[in-house]
Amino acid sequence: MRGGERTLSMIFLNPDSTNTHMIHNTIQKMRKQKIHIASVQETKDTMNRDYKTPEGFRVISTAATLTTKRAAVGGAAIILNKELGPMVKNIIRNSDRVLQ
């Protein structure tokens, strides 16, 4: 972000599960449309994650919960562009659906 900018562009996605291909496609869309933050719900990923992609974007997620039938439910993630990713210092995972 340039100095003095005050506007963030965001997208909200509900892909019903995430994988490397979905993350890559989302990042391509973010780059093309100059989006700063992507909020992803229903990731169904059973692990908490915080990593940097090869493109330099940061992915932070909270683990989905497992049902009695071992199906993953919930999960949320935030994908931050190159400029915003390093600014996030503290992550609080309140539940399988809420990152703070």
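**A sheet, a helix and two cores**

Q: Which strands does helix 1 lie across?
A: Helix 1 (residues 20–33) lies across strand 1, strand 2 (37–41), strand 3, strand 4 and strand 7 (76–80). Its angle to strand 1 is about 155 degrees. Axes here are lines fitted to C-alpha atoms, for helices over the stretch in contact, and angles run from 0 to 180 degrees between N-to-C directions. Helices (H or I, at least four residues) and strands (E, at least two) are DSSP runs, numbered from the N terminus.

Q: What kind of model is this?
A: This is a predicted model: local features need pLDDT of at least 70, side-chain atom pairs count only at pLDDT 80 or more, and totals for chains, interfaces and linings use all residues. Residues are numbered from 1 along each chain as its sequence is written, and side-chain values use heavy atoms, without hydrogens and water.

Q: OK, the sheet. What's the strand order?
A: The order is 1-2-7-4-3, in an open sheet of 5 strands with mixed pairing. Two strands pair if DSSP finds at least two bridges between them.

Q: Which strands are at the edges?
A: Strand 1 (10–13) and strand 3 (49–52). Each pairs on one side only.

Q: How do strand 3 and strand 4 run, parallel or antiparallel?
A: Antiparallel, with 4 bridges joining strand 3 to strand 4 (residues 58–62). Asp50 has Ile60 as its bridge partner, and Tyr51 stands opposite Val59.

Q: What links those two?
A: They form a hairpin with 5 residues between them. Gly56 in the turn has a positive phi of about 95 degrees.

Q: New topic. Which residues touch the most others in the largest nonpolar core?
A: Ile11, Ile23, Met30, Val40 and Ile79, out of 13 residues. Helix 1 gives the largest share, 4 residues. A nonpolar core is a set of buried Ala, Val, Leu, Ile, Met, Phe, Trp, Tyr and Cys residues joined through side-chain atoms within 4.5 Å. Buried means under 20% relative accessible area, exposed over 50%, partly exposed in between (1.4 Å probe, protein chains only).

Q: What does Ile79 contact?
A: Leaving aside neighbours within four places in sequence, its contacts (heavy atoms within 4.5 Å) include Ile23, Met30, Val40 and Phe57.

Q: And Asn81, buried or exposed?
A: Asn81 is buried, at 6% relative accessible area. Asn81 sits in the segment after strand 7. A polar atom of the Asn81 side chain lies 2.9 Å from the backbone nitrogen of Leu84.

Note on methods: Polar contact = N/O pair within 3.5 Å; in protein donor to acceptor, adjacent residues only side chain to side chain.
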